[in-house]
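Open the model in your viewer, show the backbone as a cartoon, and keep the selection panel within reach. The stops below say what to select next and what is to be found there.

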Amino acid sequence: MEVIVGKMAGFCPGVEGAIKKARTALETRDRVYCLGEIVHNKQVVNSLEKEGMITVESLDEVPNNSSVLIRAHGEPETTYKKAESKNLELLDATCGKVFSIHKKVEREKEDSFIIVLGKKNHPEVIGTKGFAGENSFVIETEDDILDAYMKYEITDLGRVYVVGQTTISSSYFDILAKEIEKEFYEAEVCIDKTICNATEIRQKETLEMSKKFHTMIIIGGKNSSNTKELYKIAENNCQKVYLIETVEEIKDIEFTGIENIGIMAGASTPKESINEVKEYLENL
Ligand code: SF4
């Protein structure tokens with residue numbers, strides 16, 4: 001059986017940077033808090049917690065004057081203000097790409113209604129919406145477009161600026177953007193496709209692999225948006241697709257008679273998890 005791992009499987013630069021920052025901080029400080037799970041991957045979170053990281057859901061749980069890591073997804077502006085009021089040392093690992101979206105919406109909100117395309121409850125979207133201010137709306141599905149228009153209508157803005165969660169699928173972004181242009185036809189609509197190329201490259205490679213391979217295994221956190229996107233893409237083309245977090249989940253599966261298997265992994269999946277799956281399959 002041929003087992004091929006996608007070239008782009010695993011950590012993206014933003015996640016790699018955040019984990020590096022966390023490890024450096026843990027070397028030099030007694031205790032480091034992380035606001036939310038550092039990445040959507042249990043194995044990575046558990047290993048950093050063993051090294052001394054404490055994951056919290058809110059800054060209310062953090063004692064004054066402590067060190068707090070902001071993960072790659074970023075945080076809304078209110079978090080920075082609260083951190084200042086508690087005299088916290090912020091170790092900001094917001095990915096550069098997310099940071100640039102914050103800057104764009106901050107600039108554009110002066111004269112534009114901001115639309116963020118993405119999952120309403122995703123931390124990155126919450127962060128971006130926070131920087132976009134009051135005159136903004138998150139669109140997750142086509143059903144939200146009319147509500148966004150109604151909110152836009154009560155502002156006196158004639159311009160709409162559209163950005164997206166960095167990890168949503170490129171084709172879904174295009175579908176929503178097209179519908180927005182139709183609904184907001186009276187406004188000047190500026191579409192800024194802020195999908196991260198690290199995400200796009202992984203999606204493209206998954207699509208190509210899923211057309212070639214009989215079976216695919218997608219490794220990553222089941223709560224990870226970008227991993228779930230890869231699974232959806234593979235599912236559309238491949239005969240059999242498994243979404244797993246660790247090698248344990250495939251140990252009861254019968255792979256006899258399968259000629260080739262493709263492995264792809266989300267942007268928050270460590271190399272060790274990928275190698276474990278590859279080695280297990282090769283040894284069958
Ligand atoms: S997916 Fe892209 S935007 Fe998100 S953390 Fe990774 S590199 Fe940054």
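Select N65, which sits in the loop between β3 and β4; helices (H or I, at least four residues) and strands (E, at least two) are DSSP runs, numbered from the N terminus. Before going further, note that this is a predicted model, in which local features need pLDDT of at least 70 and side-chain atom pairs count only at pLDDT 80 or more, while totals for chains, interfaces and linings use all residues. Residues are numbered from 1 along each chain as its sequence is written.

Although N65 is not a glycine, its phi is positive, at about 65 degrees. Most residues other than glycine have a negative phi. Is N65 buried or exposed? With 9 C-beta neighbours inside 10 Å, N65 counts as exposed; a residue is called buried if 20 or more other C-beta atoms lie within 10 Å of its own, exposed if 12 or fewer, and partly exposed in between, with C-beta atoms placed from the backbone.

Select N87 next, in the loop between α3 and β5. N87 is likewise a residue other than glycine with a positive phi, near 55 degrees, and N87 is exposed, with 9 other C-beta atoms within 10 Å.

Move on to E75, in the loop between β4 and α3 (77–85). E75 is buried, having 26 other C-beta atoms within 10 Å. Leaving aside neighbours within four places in sequence, E75 is in contact with L35, I70 and G127, where contact requires C-beta atoms, placed from the backbone, to lie within 7 Å. For a sense of scale, draw a C-alpha to C-alpha distance from E75 to N236: the two are 161 residues apart in sequence and 34 Å apart in space.

Now colour the chain by domain: domain 1 (2–10 + 197–282), domain 2 (13–94) and domain 3 (97–191), with bounds that come from an automatic or database domain assignment. The centres of domain 1 and domain 2, taken over C-alpha atoms, are separated by 29 Å. To their contact, domain 1 brings 12 residues and domain 2 brings 8 residues. On the domain 1 side, these residues divide into 3 nonpolar, 8 polar and 1 charged; Ala, Val, Leu, Ile, Met, Phe, Trp, Tyr, Cys and Pro count as nonpolar, Asp, Glu, Lys and Arg as charged, and the others, Gly among them, as polar.

The next selection is the shell around the ligand. Which residues come nearest to the ligand? Of the 14 residues around the ligand, these are C12, G14, C95, K97 and C196, a residue being near if its C-beta atom, placed from the backbone, lies within 6 Å. The shell is made up of 9 nonpolar, 4 polar and 1 charged residues. Three helices, α1 (13–28), α4 (96–108) and α8 (197–212), each supply at least two residues of this shell, and α1 gives the most, with 3 residues.

Stay with α1 and view this helix end-on. Its buried residues are G14, V15, A18, I19, A22 and A25. Seen down the axis, these residues fall within an arc of 130 degrees, so they line one face of the helix; the arc is that of the directions from the helix axis to the C-beta atoms. The face of α1 turned away from the buried side carries the exposed residues K20, T24, E27 and T28. Among the elements that cover the buried residues of α1 are β2 (32–35), α2 (42–50), β3 (53–56) and α4.

Turn next to α8, where A198, T199, R202, Q203, T206, M209 and S210 are buried. They cover an arc of only 130 degrees around the axis, which puts them on the same side of α8. On the other side of α8, N197, K211 and K212 are exposed. The buried residues of α8 pack against α1, α7 (170–183), β10 (215–219), α9 (225–235) and β12.

Finish in strand β12 (residues 260–265) by selecting I263. With 21 C-beta neighbours inside 10 Å, I263 counts as buried. Not counting residues up to four places away in sequence, I263 touches V3, I4, V5, G6, A9, I217, I219, I274, V277 and K278. A last C-alpha to C-alpha distance, from I263 to V32, spans 34 Å in space and 231 residues in sequence.

Note on methods. Contact = placed C-beta atoms within 7 Å.
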